[in-house]
Amino acid sequence: VLILGSGWGGNKVARNLDGNKFDVRLVSPSNHFLFTSFLPATAVGTLEFRAVQEPVRTNPNLSQYYQAKATRLYPKEKKVVCTDIFKEKEFELEYDFLIIAAGCKTNTFRTPGVDEREGIEVFFLKHLYHARQIRSRMLECFERAAMPARVKPGEVPTAESAAKRQEEIDRLLSFVVVGGGPTNCEFATELKDFLTKDVARWYPDLVDRVKVTIVEAGPKILGMFSEHLIEYYLAGLQRKEVDVRVNTLLAKVEIRTDVDTTCGGDFTVAHLKNPDGSMEVLPFGMMVWSAGLAPVKFLTENNNFEKGMMGRIKVDDYLRVPDTGGCVYAIGDCAVTPEPLPPIASSAEQQGQYLADCFNTYYYKPEFQSSSDENLPLPGPVPAPVGLPFPRFMYPNSAKFSYINVGGMVSMGFGDGIVDMSRADVPGFEFGDRVYKPSMRGYFAMAAWRGGYLLKQLSYRNMMLIPMYWFKSIIFGRDISNGY
């Protein structure tokens, strides 16, 4: 079994396949599984990088791992061509079964200036190195803002240069978050916690000049949550003095060449299209973009399978790629099912669990081993692809993949958050002709968010490290060093 990708879907199936029944091999440019739910906290120093990743090679069921990128697929020959990430040398891998869990990349919607400034002032928030870049740039902005104005030797500062200096400080301390989804909102609140608890201590003369802005093109943030919880979260953002702009489009990112910065660097601005159609220029020191999904290069350059919306691979109810004889599967953000699923970690994780159950129960049997072009038999029923706190016996077994909505959670920094179970596939409380399902907000929601994600860690090491870093950030503050 060859698996492409080590994200939520690929990691789940790789760790749950029976190593005694299958030769499990995995290809991924990342040699770790990243717990993306903690990525916003990592970017501001609440957690450390080592605590939110799990090395691929710690999987006891894995026969072999290749740190490489899959580039070409030949379904008839059952071969995948890969390129190692170190020397870019190509090699071939054969398979009996192939599971494509290649994920996706961030979609910039061809917004002018975003790709050009990516990694300089504009940053994505999807991988571990993104969090490192964000933390480094954020600290750079504060350190540059704390420096004296740049003047030539023997030159006396003027009122005009002093005004330019103040304008430059305001720009450096302006942070823009593009997108109103859970990741963006969690990052904005983590950033505000960092500002009020740590920046206020180490940069007391700068903290009152910091501005955090969320730019959302849609009519509301957290669109998948209940309206009353969205209103509660929005009120919390306003209390934290986060400027939330809905129905606002980022038109472009531009470098102002007509402005002479007083401490070096480029003067970056965002052009915003407001709800009334007017344009606004917003200077910024750092922008975090986490809005939209686009197919990865492996999908765009391979035409061996039928594509659906956004260039994703079409699969059937059993997650099989059509016309591959039942030997190729696709899961997660790179696949589209007959009934499209939300592009969240839970969807990919459940698909990975479903495939692992199908393989362990059925696909190892002789009738599923075939070298012909005929489709392999369909699997029989397997348990629902969920885990604690949702017991599998609560749901019927099914031969087809059946997504189970387990609700949603979003933290709002320390001591606050929301939990929405209104659309979850869980029993509710009947009152007359209505069924009520639980939702939480405030401290108990934060406790559920932290406790739920802590129990999902893959190692006892991270289960110990994460609470330690939480405790450290509360008592001693976050790490503001930049030595990595």
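Which helix and which strand each supply at least two residues of the lining of the largest cavity? I would like to start there this morning, and I should say at once that what we are looking at is a predicted model. The two elements are β22, which covers residues 335-336, and α9, which covers residues 345-363. Of these, α9 gives the most to the lining of the largest cavity, with 3 residues.

Let me stay with the cavities for a moment. Rolling a probe the size of a water molecule over the atoms shows where empty space is left. In this structure there are 5 cavities of 30 Å³ or more, and the largest of them has a volume of about 80 Å³. Its lining is made by 13 residues, and if you want to find its centre on the screen, look for R312, G332, A335, L341 and S347, which lie nearest to that point. When the lining residues are sorted by character, 7 are nonpolar, 4 are polar and 2 are charged.

Now let us turn to charged pairs. Side chains of opposite charge can pair when their charged atoms come close. A search of the whole structure finds 25 salt bridges, and I will take you through three of them.

We begin with E48 and R135, whose side chains meet in a salt bridge with a distance of 3.4 Å, N to O. E48 sits in the loop between α2 (39-43) and β4 (53-55), while R135 belongs to helix α4, residues 128-146, so this pair ties together parts that are 87 residues apart in sequence. Are these two residues buried or exposed? E48 has a relative accessible area of 12%, and because buried means under 20%, E48 counts as buried. R135 is buried as well, with a relative accessible area of 1%.

Next comes K220, which forms a salt bridge with E227, and here the closest N and O atoms are 3.2 Å apart. K220 is partly exposed at 32% relative accessibility, and E227 is partly exposed at 42%.

The last pair I have chosen is D317 with K400, a salt bridge in which the closest N and O atoms are 3.8 Å apart. This pair links distant parts of the chain, since D317 is in the loop between β20 and β21 (328-330) and K400 is in the loop between α9 and β23 (408-411), 83 residues apart. D317 is partly exposed, with 31% relative accessibility, and K400 is also partly exposed, with a relative accessible area of 42%. Beyond such pairs, there is a network in which salt bridges that share partners join R137, E140, R144, E168 and R171.

From charges we can move to a nonpolar part of the surface. F414, F471, I474, I475 and F476 together make a nonpolar surface patch of about 540 Å². Within that patch, F471 lies in helix α11, residues 460-475, and F471 is exposed, with a relative accessible area of 53%.

I would also like to point out two details of the backbone. What is the phi of R110? The value is near 55 degrees, which is positive, in a residue other than glycine. You will find R110 in the loop between β10 (105-106) and α3 (114-117), where R110 is exposed, with a relative accessible area of 80%. E241 also has a positive phi, of about 65 degrees, although E241 is not a glycine. That residue is placed in the loop between α7 (227-239) and β14 (242-245), and at 64% relative accessibility E241 counts as exposed.

Finally, let us set distance along the chain beside distance in space. V288, in strand β18 (residues 286-289), is buried, with a relative accessible area of 2%. The C-alpha atoms of V288 and I214 are separated by 9.6 Å, although these residues are 74 residues apart along the chain. For M310 and E367, which are 57 residues apart in sequence, the distance from C-alpha to C-alpha is 35 Å. M310 itself is in the loop between α8 (297-300) and β20 (313-314), and M310 is partly exposed, with a relative accessible area of 44%.

How values were computed. Residues numbered from 1 in each chain as written. Predicted model: local features only at pLDDT ≥ 70, side-chain atom pairs only at ≥ 80, totals over all residues. Heavy atoms only, no water. 1 Å grid on protein atoms, 1.4 Å probe; cavity = no way out; pocket = protein on both sides within 12 Å on 5 of 7 lines; lining within 4 Å. Points joined across faces, edges and corners; volume = space filled by probe spheres on them. Helix = DSSP H or I, 4+ residues; strand = E, 2+ residues; numbered from the N terminus. Nonpolar A, V, L, I, M, F, W, Y, C, P; charged D, E, K, R; others polar. Patch = residues over 30% accessible without salt bridge, like charges linked within 9 Å, V, L, I, M, F, W, Y side chains within 5 Å. Areas by Shrake-Rupley, 256 points an atom, 1.4 Å probe, with all protein chains shown as cover. Salt bridge = Lys/Arg side-chain N within 4 Å of Asp/Glu carboxyl O. Buried < 20%, exposed > 50% of the residue type's maximum accessible area, 1.4 Å probe, protein only.
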